[in-house]
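Dear colleague,

I am passing on the structure below, since you have not worked with it before. My notes on what was found in it follow directly after.

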Amino acid sequence: MFSASTSKSACLKSLSLARSTVTYLRLHRILSDGKMTFNRKRYTLRNFKRIIKTLLAIALKPITHFMSRSQRLSKLYFSLFSSEFKREQHAVLSGHRAYQRSLHHIGDSSVLLRRNIHRLEKGLIMRPRRSAFGKDYLNETLDCYSRCLNAASIDRQELQWAYDVLTAYFSVVDLSLPWLDKAYKRFCALREPQKNSGYVPYRRSEGVKSETSFEQFLTLCQQRRSVRWYQEKAVSMKVIEQAVQAASLAPSACNRQPFRFYTALQGKHVQDIASIAMGTAGFIHNIPAVIVVVGDLSAYPFERDRHVIYIDGSLAAMQLMLALETMGLSTCPINWPDIEEKERSLSLRLGLKPYERPIMLISVGYPDPEGMIPYSHKKSPSQLIKEVL
Ligand SMILES: Cc1cc2nc3c(=O)[nH]c(=O)nc-3n(C[C@H](O)[C@H](O)[C@H](O)COP(=O)(O)O)c2cc1C
């Protein structure tokens with residue numbers, strides 16, 4: 001008679017035998033698929049790499065299993081056995097360096113100015129509003145504002161926004177406090193946009209009001225599908241600009257907007273770029289335009305914010321895709337996995353800095369009405385909502 005433990009161990013043995021068989025078959029397939037014979041001269045480096053990778057994966061499986069048990073072991077694992085995060089780590093660090101540099105070498109925008117002015121805006125809308133706030137970063141903001149005033153290439157609208165918010169701030173805080181009085185005098189002494197443009201907090205009731213009903217919005221969402229078949233019709237930069245205007249209104253952490261849309265509209269460039277991604281197989285030849293959403297890690301001085309580019313970039317990308325739909329164009333997001341050789345090719349093609357990371361690609365074009373769309377069943381709200389009680 002078999003005991004429960006005997007039958008369990010028998011099961012485990014058969015399972016392990018089955019696994020070995022599968023592994024053997026897999027290797028056998030690679031070896032025979034790969035035609036690894038010197039005399040037939042069909043031996044390729046690619047197949048060799050595949051074999052090594054498969055062998056490594058087999059050997060590492062128990063190690064991975066064991067090392068997944070704690071953070072320390074996981075860290076050891078990634079130091080010893082995997083370099084998959086190498087590029088990301090380098091991007092984050094070089095982002096820090098570029099951030100520090102951006103404090104003194106100001107281009108068309110300053111992340112620090114944007115962040116701090118936004119902090120002041122938030123202070124201005126608080127209920128109740130305090131008569132003194134922002135002490136920790138006020139001088140830093142004025143230093144930065146002063147440097148931006150002297151930067152030739154800074155966007156004038158960004159500067160105007162900073163000026164308006166600082167003016168509004170000093171008009172409501174308690175200037176009898178020495179630190180605020182001193183800062184105010186400093187602000188007054190700086191050169192400035194002379195007029196106020198009203199880029200200051202306003203009441204919700206004074207903002208623009210959309211007439212879009214839920215039904216209309218839902219219809220737009222239903223209309224937007226991942227479209228892979230397009231008409232042979234050129235996409236103009238003008239429609240892209242309009243869509244990017246809508247995308248620029250998406251929320252972003254501290255309003256830093258750390259992304260760019262690298263856009264290719266001409267056949268050769270589109271093909272060059274789209275061919276680097278893996279998810280375009282089968283339909284790449286008919287993509288009229290492609291956008292690469294690129295995140296900029298130089299917007300952050302801290303590691304903790306390293307994911308924000310993906311969040312901000314994706315929120316903007318969604319608005320971009322919906323905006324294009326309203327103008328009769330369709331899109332398909334295309335995955336950008338973190339694969340070193342692909343990262344290298346795309347970075348080289350787009351001239352990206354080490355701290356600039358592709359987030360996703362988006363194919364764009366006028367949809368072919370006869371092109372088929374996968375049904376792609378969606379989960380129901382009840383599946384997606386977990387009420388927190
Ligand atoms: C981040 C992301 C990556 C995607 N990558 C690809 C891709 O590489 N190739 C592709 O054909 N579709 C890609 N898609 C499209 C999805 O397959 C599609 O969104 C999904 O099936 C749902 O269909 P729908 O967009 O029509 O609603 C991607 C979508 C997202 C959001």
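Helix α7 runs over residues 156–172 in this model, which is a predicted one, and its length can be checked against its residue count: at 1.5 Å a residue, the 17 residues of α7 should span 24 Å, and since the end C-alpha atoms are 25 Å apart, the two figures agree. Within α7, the buried residues are W161, A162, Y163, D164, V165, L166 and Y169, and what covers them includes α5 (111–124), α6 (135–149) and α8 (178–189).

Three places in the backbone also deserve a look, and as background, most residues other than glycine have a negative phi, and most peptide bonds are trans. The bond between R127 and P128 is a cis peptide bond, with omega at about -5°, and P128 lies in the loop between α5 and α6.

The other two places concern phi. C254, although not a glycine, has a positive phi of about 55°, and its place is in the loop between α10 (237–247) and β1 (259–264). S376 is not a glycine either, yet has a positive phi of about 45°, and this residue is found in the loop between β4 (356–365) and α14 (381–384).

How exposed or buried are C254 and S376? C254 has 19 other C-beta atoms within 10 Å, and therefore counts as partly exposed, because a residue is called buried at 20 or more. S376, with 7 C-beta neighbours inside 10 Å, counts as exposed, because the limit for that class is 12 or fewer.

Best regards

How values were computed
Residues numbered from 1 in each chain as written. Predicted model: local features only at pLDDT ≥ 70, side-chain atom pairs only at ≥ 80, totals over all residues. Helix = DSSP H or I, 4+ residues; strand = E, 2+ residues; numbered from the N terminus. Expected span 1.5 Å × (residues − 1). Contact = placed C-beta atoms within 7 Å.
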